[in-house]
Amino acid sequence: MPAPAPCPPAPGQVPLLGHAPALLRRPLSFFEATRTAEPLVRVGFGPIRLYLANDPALVHRIQVDTDSFERGRFFERLASNFGNPLIASDGAEHQHQRRALKPAFSRRSVRDHTSAITEETERRIGAWRPGTVVAADEEMSDLVAAVVLRSLFSTRLSPTTVRDIRETLFLIARRLLVRTVFPDIVSSLPTPGNRRFAASVGRFHTTVDELIRERRANPRPHHDILQTLLTTRHPATGAPLSDTEIRSEFLMLLFAALETTSTSLSWAVFEVARRPDVQHRLQNEADTVTAGGPLGYDRLKNLTYTRQVIDETLRLHAPMLFTRRARHDVTLAGITVPAGSEVGYSPRAVHRDPGLYPHPAAFDPDRTAPDSATDRPQGAYFPFGTGPHRCIGEHLALTTMTTALATLATKWNLRIAPGTRIRETNSSLPHLSSLPLLPTPRG
Ligand code: HEM
């Protein structure tokens with residue numbers, strides 16, 4: 001048998017610090033720059049080493065082969081803010097938690113929430129005034145927060161509390177990449193940033209503890225996730241979840257739901273606002289579909305172009321990095337990855353690979369049309385992941401985004417406020433620096 005090949009380093013490494021300077025210098029393009037013709041490369045950030053998969057088939061395998069790969073550093077760092085929630089668990093524990101939560105995300109449950117999504121969207125955009133600039137990124141965040149809190153937790157919080165929660169989640173997302181690739185000492189130093197972060201997480205915990213206390217004090221039946229968490233039992237011991245465990249699950253679900261959905265919806269609005277041709281098609285479709293009556297769950301399937309706009313948004317604006325850890329020595333592309341190694345993949349780099357998507361930086365909803373999407377190789381498009389950890393909230397997220405975008409399209413012409421400069425900001429899921437819109441009412 002030939003000896004296993006050594007793994008080539010990604011370009012841009014320097015002695016001792018490895019790829020850390022390159023990541024700090026250009027965080028947004030770093031993972032795309034590490035994408036070479038090699039299917040697997042090595043990257044290092046001081047003492048932290050990572051094998052990085054470029055090839056879609058490998059990226060797919062890393063997600064589905066749970067015999068070889070477990071949750072790794074990324075999810076451990078994320079979970080350390082919260083406890084040991086579903087998103088960070090593995091094996092039997094993961095299966096149990098996922099089974100318990102699944103009913104809340106079924107098509108039937110999401111269907112029941114569609115009118116709440118339309119209502120929240122209409123309430124929010126009904127308050128917009130012609131000629132007045134709207135901070136659309138904040139509007140989309142507030143909208144998604146209201147929808148998720150209502151749908152999953154039957155809860156309405158004050159706007160100030162929602163803002164506070166959003167702020168904490170934003171800080172967690174922004175720090176996550178740094179916490180994954182740099183040694184722990186960097187995030188435990190008593191710097192003003194680290195102290196602000198700890199205070200913000202503390203406030204977040206207090207808010208959720210208060211909700212749990214209220215619910216325990218008034219135990220009338222609710223059909224929501226909080227109820228599921230309060231009534232679920234450990235499979236081995238039969239014991240209920242402690243308040244700390246409930247809090248951990250609650251916070252993690254909020255994080256998984258809010259950050260992703262609101263950021264993606266803001267990106268979709270941004271892309272539509274700067275492309276009159278796309279906006280025109282979106283509006284025509286929304287008008288046709290709503291001509292027969294209000295936009296209920298059953299009509300959403302007719303919004304095919306709206307869905308293409310969302311799918312293309314999720315391609316172009318994907319997360320930077322996920323990781324797993326090798327449970328034993330694993331051979332990937334002829335290279336032996338030793339047990340315990342961290343193995344990563346960048347959805348952003350794969351989704352922007354010119355070999356898979358010609359002119360990858362261009363926003364082109366036609367490339368996600370159902371007939372063009374079929375000839376993509378496995379692992380080339382995975383906005384919600386794949387395998388046993390595939391996003392549990394996918395249907396809720398797509399329903400929220402489709403409903404909100406179509407509702408917007410029926411009411412307003414969207415335009416970016418003239419003279420504004422909008423940047424992409426660094427985070428584990430890159431954000432818009434701001435999204436000032438100058439909407440005008442449609443006819
Ligand atoms: C546009 C919106 C969303 C995107 C792009 C997204 C993306 C993802 C991705 C890529 C994963 C897989 C991570 C991995 O393989 O390690 C994931 C997992 C997960 N997502 Fe989402 N998500 C979105 C919305 C939501 C919503 C609305 C919820 C609802 C609470 C949610 C809850 C979760 C949970 C709990 C997991 C972990 C599942 C498991 O490990 O079994 N996500 N998401």
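In this predicted model, the ligand is surrounded by 21 residues. The closest of them are Ala-256, Thr-260, Gly-385, Cys-391 and Gly-393. Two elements, α12 (243-273) and α17 (394-411), each give two or more residues to this shell. Helix α12 provides the largest share, with six residues. Sorted by class, the shell holds 13 nonpolar residues, seven polar ones and one charged residue.

**Helix packing**

The two helices named for the ligand shell also touch each other. The axes of α12 and α17 come within 10 Å and cross at roughly 35 degrees, and the crossing is right-handed. From α12, the residues in this contact are Thr-260, Thr-261, Ser-264, Leu-265 and Ala-268. They meet Ala-397, Thr-400, Met-401, Ala-404 and Leu-405 of α17. Six of the residues in this contact are nonpolar and four are polar, and no charged residues take part. Thr-260 thus appears in two places: among the residues closest to the ligand and in the contact of α12 with α17.

Helix α12 has a further partner in α7 (residues 136-153), and the axes of these two helices come within 9 Å, crossing at roughly 140 degrees. The two are therefore oblique to each other. Their crossing is right-handed. On the α7 side, the contact is formed by Ala-136, Asp-137, Met-140, Ser-141, Val-144, Ala-145, Val-148 and Leu-152. On the α12 side, the residues are Leu-253, Leu-254, Ala-257, Leu-258, Thr-261, Ser-262, Leu-265, Ser-266 and Val-269. By class, this contact has 12 nonpolar, four polar and one charged residues. Thr-261 and Leu-265 of α12 take part in the contact with α7 and also in the one with α17.

Helix α17 in turn packs against α6 (residues 107-126), at an angle of about 35 degrees and with the axes 9 Å apart. This crossing is right-handed as well. Helix α6 contributes Arg-107, Val-110, Thr-114, Ile-117, Thr-118, Thr-121, Glu-122 and Ile-125. The residues of α17 in this contact are His-395, Leu-396, Thr-399, Thr-400, Thr-403, Ala-404, Thr-407, Leu-408 and Lys-411. The contact counts six nonpolar, eight polar and three charged residues. Thr-400 and Ala-404 of α17 belong to this contact with α6 and to the one with α12.

**The sheet**

Apart from the helices, the model has an open sheet of five strands in the order β1-β2-β8-β5-β3, with mixed pairing. Strands β1 (40-45) and β3 (69-71) stand at its edges and have a single partner strand each, so one side of each lacks a neighbour in the sheet. Direction ignored, neighbouring strands are turned by 40 degrees against each other on average. In general, strands of a sheet pair through backbone hydrogen bonds, in either a parallel or an antiparallel way.

Three of the pairings are set out below.

| Strand pair | Sense | Bridges |
|---|---|---|
| β1 and β2 (residues 48-53) | antiparallel | six |
| β2 and β8 (residues 342-345) | parallel | three |
| β3 and β5 (residues 322-326) | antiparallel | three |

Particular residues can be matched across these pairs. Val-41 has Leu-52 in β2 as its bridge partner. Tyr-51 is paired with Val-343 in β8. Towards the other edge of the sheet, Arg-71 stands opposite Arg-324 in β5. Strands β1 and β2 form a hairpin with two residues between the strands, and Gly-46 in this hairpin takes a positive phi near 60 degrees.

Notes
Residues are numbered from 1 along each chain as its sequence is written. This is a predicted model: local features need pLDDT of at least 70, side-chain atom pairs count only at pLDDT 80 or more; totals for chains, interfaces and linings use all residues. A residue is near a molecule or strand if its C-beta atom, placed from the backbone, lies within 6 Å of it. Helices (H or I, at least four residues) and strands (E, at least two) are DSSP runs, numbered from the N terminus. Ala, Val, Leu, Ile, Met, Phe, Trp, Tyr, Cys and Pro count as nonpolar, Asp, Glu, Lys and Arg as charged, and the others, Gly among them, as polar. Axes are lines fitted to C-alpha atoms, for helices over the stretch in contact, and angles run from 0 to 180 degrees between N-to-C directions. Angles under 35 degrees count as roughly parallel, over 145 as roughly antiparallel, 65 to 115 as roughly perpendicular and the rest as oblique. A crossing is left-handed if the near helix is turned anticlockwise from the far one by less than a right angle, and right-handed if clockwise. Two residues are in contact if their C-beta atoms, placed from the backbone, lie within 7 Å. Two strands pair if DSSP finds at least two bridges between them.
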